[in-house]
Amino acid sequence: MLIRKSPDVRYSEVTPKSLYLNRRKFLAGVPGAVLAGNELLSPSGRASAATTKLQTVQSALSTTGERINPKEYVTGYNNYYEFGTGKDEPQQLARNFKTYPWIVTVEGECAKPRKFTIDEILKLAPLEERVYRHRCVEAWSIVVPWIGYSLSTLLNQVEPNPKAKFVAFETLYDPKQMLSPLQAGIPLPYVEGLRLDEAMHPLALLTVGMYGETLPPQDGAPVRMVLPWKYGFKSIKSIVKIRLVGGQPASTWNLYAPNEYGFYSNVNPNRDHPRWSQKTERRLGEFGRRTTLMFNGYGDQVASLYKGMDLIRNY
Amino acid sequence: MVKRRASKVFVFVLGLAPLVALLWRAYHDRLTANPIEYITHYTGDWTLRFIIFTLFITPLRKVLGQPGLIRYRRMIGLFAFFYACLHFLTYLVIDKFFDWKEILTDIGKRTYITVGFTGFVMLAALAVTSTAGWIRRLGGKRWQLLHRLIYLAVVAGVVHYYWSVKSDVRQPVFYGVLAALLLAYRWKIGTFARPRVSTPVVSRAPETVAR
């Protein structure tokens, strides 16, 4: 496995939020001279739910050499169908989503099943800042400085037994706060799954923050997965349950359209979505298209997980 | 005459309103984090809406007792083609940047693009032959027959939309229901059954021909 060189600086060091906001304010003020109230209408001017700062350490697993997308790209352009199927809807509809107190149940084939409060999760290990490329199955991508630690840290706490072969995840489904499955267009609660060795891979990030702060609700607060070598929908949001299981668990998009979304859903430019090409992608903020990389460019680290597998058939 | 002229100008300005709104959003940086996707969807939506608007003309003429509405049908149809052009150009120039190999693969292999492109070609044929000269050249009857392609175009538009979305099909289903009702109306009044009388379709005596 190739350990990449750690980045020289972390996101929080590069752009203090106050300076960043001031800059936005200044920029927004220029056209504001022409049209008063402009700032109210621009996405940057919208109020978002409170987030708090997180202390982080550097990580050798952070991706280097990528330009990080501005935060608004990640807070104003979301696929979180429980809060609307439009990209700009979750920012509005998830605004009052209650993410505290929060409990994650870890159970199933393990010696010490238990519940973790979000406070316990935040303190379980030093929080690392990891910059990852994020490739959506819809052929766009972004670069985000996530905060968290490897999921293996949490799973080791409950001591998986030999019968555990897969990990099943579940998102909170609260009809009082979220849309109905009919409105969302997908079965709910949202579920996802990984093979145990995938889940134990150091790149599999249990994520509690981004851009130096806790996650905003529309990005999967308070705790989510980030799996940079898989399509974005595998990175399940707002997790309430993690089960160690013997058989391959169900995953929402696979249930919805099995011929379009497989269990693995590794980023694979050679296996097109039945309705569109996966060869290229649009990096948000860029004009042209980029070539999509196998495993989203993380092949050096994860390709060994799939040795001998037909990745066209096991899409 | 002046009043008629003014009302056409009014419809023309209305037809441009979606484009103005789009430019306004662009100027104020409100095209989301993925502006190309936004523009593609926006122009596609308006293409389908304008096709639906043209299909509303005939029923509205009857229901409202306003046969004069036919005056605006050509312009509305041309606006449908105008937004279809913007939609196609967004795909061709901004999205794929003249990557012909990729574009031809898309048109041949991606069913929703095949259907969408077919619809675009149909609209182009209708736009080109929408002049009085072409009506004369083709003869009213043949011209009418050709312009029934709009019924296929609306179906192509709905199917293109339906197949392109990931899961939330509410919008395409909504347009599909509208299109189905509008086509059912034609079926009910016998557009598809009776052979039509060949009369010239000119704007001076439109009441007699257009359905």
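Two strands are taken to pair if DSSP finds at least two bridges between them. With that in hand, here are some notes on this predicted model, beginning with the sheet in chain A.

1. **The sheet in chain A.** Strands S2, S1, S10, S5 and S6 of chain A, in that order, make up an open sheet of 5 strands with mixed pairing. At its edges are strand S2 (114-117) and strand S6 (191-195) of chain A, each of which pairs on one side only. From one strand to the next, the twist averages 15°. In a regular strand, side chains alternate between the two faces of the sheet.

2. **From S2 to S1.** Starting at the S2 edge, strand S1 (residues 103-108) of chain A pairs with S2(A) in the antiparallel sense, over 4 bridges. If you would like a residue pair to look at here, A:Ile103 has A:Thr117 in S2(A) as its bridge partner.

3. **From S1 to S10.** In which sense do S1(A) and S10(A) pair, parallel or antiparallel? The pairing of S1(A) with strand S10 (residues 239-245) of chain A is parallel, over 4 bridges. A:Thr105 is found opposite A:Lys241 of S10(A).

4. **From S10 to S5.** Strand S5 (residues 166-171) of chain A runs antiparallel to S10(A), and 6 bridges join the two. One place to check this is A:Phe166, which stands opposite A:Val245 in S10(A).

5. **A:Gly246, just past that pair.** A:Gly246 belongs to the loop between S10 and helix H10 (252-256) of chain A. In sequence A:Gly246 and A:Phe166 are 80 residues apart, yet their C-alpha atoms are 6.0 Å apart in space. Setting aside neighbours within four places in sequence, the contacts of A:Gly246 are A:Glu109, A:Lys163 and A:Lys165. Is A:Gly246 buried or partly exposed? A:Gly246 has 14 other C-beta atoms within 10 Å, so it counts as partly exposed.

6. **Chain A as a whole.** Chain A contains 11 helices and 12 strands. Of its 315 residues, 43% count as buried. Taking the contacts in chain A with a separation of 6 or more, 71% are between residues 24 or more positions apart.

7. **Two cis peptide bonds in chain A.** You may want to look at both of these in the model. The bond joining A:Tyr100 and A:Pro101 is cis, with omega about -5°, and A:Pro101 sits in the loop between helix H5 (89-93) and S1 of chain A. The peptide bond from A:Ala221 to A:Pro222 is also cis, with omega near 0°. A:Pro222 has its place in the loop between strand S8 (213-214) and strand S9 (224-226) of chain A.

8. **A helix pair in chain B.** Turning to chain B, helix H2 (residues 35-63) and helix H3 (residues 73-95) of chain B have axes that come within 8 Å and cross at roughly 160°. Angles over 145 degrees count as roughly antiparallel, and H2(B) and H3(B) are therefore roughly antiparallel to each other. The crossing of H2(B) past H3(B) is left-handed. Sorted by class, the residues in the contact of H2(B) with H3(B) are 15 nonpolar, 8 polar and 2 charged.

9. **Two positive phi values in chain B.** Neither of these residues is a glycine. B:Thr32 has phi near 65° and lies in the loop between helix H1 (2-27) and H2 of chain B. B:Phe98 has phi near 55° and lies in the loop between H3 and helix H4 (100-109) of chain B. Which of the two is buried, and which exposed? B:Thr32 has 21 other C-beta atoms within 10 Å and is therefore buried. B:Phe98 has 8 C-beta neighbours inside 10 Å, so it counts as exposed.

10. **Where the chains meet.** How many residues of chain B are in contact with chain A? On the chain B side there are 14, and they are in contact with 21 residues of chain A. By class, the chain B side of this contact has 5 nonpolar, 4 polar and 5 charged residues.

How values were computed
Residues numbered from 1 in each chain as written. Chains lettered and ligands numbered in written order. Predicted model: local features only at pLDDT ≥ 70, side-chain atom pairs only at ≥ 80, totals over all residues. Axes fitted to C-alpha atoms, helices over the stretch in contact; angles between N-to-C directions. Parallel < 35°, antiparallel > 145°, perpendicular 65-115°, else oblique. Left-handed = near helix turned anticlockwise from the far one by under 90°. Nonpolar A, V, L, I, M, F, W, Y, C, P; charged D, E, K, R; others polar. Contact = placed C-beta atoms within 7 Å. Buried ≥ 20, exposed ≤ 12 C-beta atoms within 10 Å, placed from the backbone.
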